[in-house]
Amino acid sequence: NDNIYRAVTPKVMKIPQPLTTAATTDSSTTATTNNTSNTTTTNTDIKTFSAVEEWRKNKFDTTNVTEHLPYSLEEFLKMIEEAEKDVGVTLEDVEHGSMVRSANTKMASNDTTDQATAQYGRLLPKGMAKLIELSNLKPGQTFLDIGHGIGTLALQAAYTTGCSEALGIEVVDDRHIIATQFKDNLEQQRLVQFETTGKKHHVGNIRLRHGELQDPVQFQFLTQEVNV
C-alpha cells in the first residue's frame, strides 16, 4: 500500500452525496430579529463540539449559509472517507506503513542529517476539534503544525474553521507526499461539489512544506502571524 502514494495522478473522483448541513431547515429552526439584521439559527443532527458549532452559526450570515460556512466536522470526515476510498487505503493503514513509520527508527539522508529520528504521532479528529474549541481558532487567524505528518490537522483546521491559513512543515518527505495527496484529493472533492451542487464553503488557504526548521527560508515561513 505504500507505493500507492508514489502515483501523484489522481483518479476520477466519485460525486459525493449531499450532506446535511446547517442550511437544512425543519421544525427546530428559530429566528430572532433586531433593528439591524435578521439572524436565523438552525439546529441539525451534526454532532461536533459546541463552541465550534456556536462559532459557525454566529460568525457567518446564515441567510447565505451554503456560500460562506466552513465544513462541519461530520462533512470533513466524510470527505476524508471519500479520499480513502479513492486511493484504496485508510489513514490507519497509511500510518502503519513504512512511508510514515520508517523515520521513527532512522531518518533518510535526503531529509536531514541534523537528527537521527522523527517520531510520528497524530491527534485524532475529536481531539483536534477540542483544540479548536479551546483556542477559538477563527477566520483572520493562522494555524501552524510543526511536523505536519500526513496533514490531517492542517486540513481539519482549514476546512472546519475557515481560518485564513493553515500552515504545516514536515521534515520527512514521505509523510509530506501523503499529506499533499490528501490535500489535493479534498480540493478535488470541493470542485466536484461546487460543479454538481453549486455549494461553496469557506476554507482556509492550506500551505504544506517539506523542510527543516533550521532553514532560514522555512523559519520565515513559520514565523508569520500565527495564532494556533
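**Exercise 1. Placing Asn136**

Task: in this predicted model, find which loop holds Asn136, then work out what phi it takes and whether it is buried or exposed.

Solution:
- Start with location: Asn136 sits in the loop between α6 and β3.
- Now the backbone. Its phi is near 55°, a positive value, and the residue isn't a glycine.
- Last, the surface. Asn136 has 41% relative accessibility, and because the partly exposed class runs from 20% to 50%, Asn136 counts as partly exposed.

**Exercise 2. Getting the fold order straight**

Task: how many helices and strands are there, and in what order do the elements run?

Solution:
- The protein has nine helices and five strands.
- Reading from the N terminus, you get β-β-α-α-α-α-α-α-β-α-β-α-β-α.
- For the overall burial, 44% of the 228 residues count as buried.

**Exercise 3. Two enclosed elements**

Task: which residues of α7 are buried, and how are the two faces of β4 covered?

Solution:
- Take helix α7 (residues 152-161) to begin with. Ten of its ten residues are buried, so the rest of the structure largely encloses this helix.
- If you want names, the list is Thr152, Leu153, Ala154, Leu155, Gln156, Ala157, Ala158, Tyr159, Thr160 and Thr161.
- Right after α7 comes Gly162, with a positive phi of about 70°.
- Move on to strand β4 (residues 165-170). Six of its six residues are buried, so β4 is largely enclosed too.
- To split the strand by face, recall that side chains in a regular strand alternate between the two faces of the sheet.
- In β4, one side carries Glu165, Leu167 and Ile169, the other Ala166, Gly168 and Glu170, and all of these are buried.
- Finally, look for the neighbour: strand β3 (residues 142-146) runs parallel to β4, joined by five bridges. Ile146 has Ile169 of β4 as its bridge partner.

**Exercise 4. Sorting salt bridges**

Task: how many salt bridges does a search of the whole structure find, and where in the chain do the partners Glu92 and Arg122 lie?

Solution:
- The idea is simple: side chains of opposite charge can pair when their charged atoms come close.
- The search over the whole structure turns up seven salt bridges.
- Lys85 and Glu82 make one of them, at 3.9 Å from N to O. That still passes, because the cut-off is 4 Å. Both residues belong to helix α3 (residues 73-87), three residues apart, or about one turn of the helix. Glu82 counts as buried, at 13% relative accessibility.
- Glu92 pairs with Arg122, with 3.7 Å between the closest N and O atoms. This pair links distant parts of the chain: Glu92 is in helix α4 (residues 91-95), Arg122 is in the loop between α5 (98-101) and α6 (125-135), and they're 30 residues apart. Glu92 is partly exposed, at 43% relative accessibility.
- Don't stop at the pair, though: Glu92, Glu95 and Arg122 are linked in a network of salt bridges.
- Over in helix α8 (residues 173-197), Lys183 and Glu187 are four residues apart, about one turn of the helix. Their side chains meet at 3.1 Å, N to O. Lys183 is buried, with a relative accessible area of 15%, while Glu187, at 33%, counts as partly exposed.

**Exercise 5. Checking the span of α8**

Task: what should the 25 residues of α8 span, and how far apart are its end C-alpha atoms?

Solution:
- Use 1.5 Å a residue: the 25 residues of α8 should span 36 Å. The multiplier is one less than the number of residues, because that is how the expected span is defined.
- The end C-alpha atoms of α8 are 36 Å apart, which agrees.
- Just past α8, Gly198 has a positive phi of about 80°.

**Exercise 6. The largest pocket**

Task: what volume does the largest pocket have, and how does its lining divide?

Solution:
- Rolling a probe the size of a water molecule over the atoms shows where empty space is left.
- The largest pocket comes out at about 230 Å³. It's lined by 17 residues, and the closest to its centre are Gln115, Gly147, Ile169, Glu170 and Val171.
- By type, the lining divides into six nonpolar, eight polar and three charged residues.
- Follow Glu170 a step further: its C-alpha is 8.9 Å from that of Leu213, with their positions 43 residues apart in sequence. Leu213 is in the loop between β5 (205-210) and α9 (216-222) and counts as partly exposed, at 41% relative accessibility.

Definitions and conventions: Residues are numbered from 1 along each chain as its sequence is written. Side-chain values use heavy atoms; hydrogens and water are left out. Buried means under 20% relative accessible area, exposed over 50%, partly exposed in between (1.4 Å probe, protein chains only). On a 1 Å grid over the protein atoms alone, a cavity is a set of points where a 1.4 Å probe fits but cannot get out, and a pocket is an open set with protein on both sides within 12 Å along at least five of seven lines; lining residues have an atom within 4 Å of a point. Grid points are joined across faces, edges and corners, and a volume is the space filled by probe spheres set on the points. Ala, Val, Leu, Ile, Met, Phe, Trp, Tyr, Cys and Pro count as nonpolar, Asp, Glu, Lys and Arg as charged, and the others, Gly among them, as polar. Two strands pair if DSSP finds at least two bridges between them.
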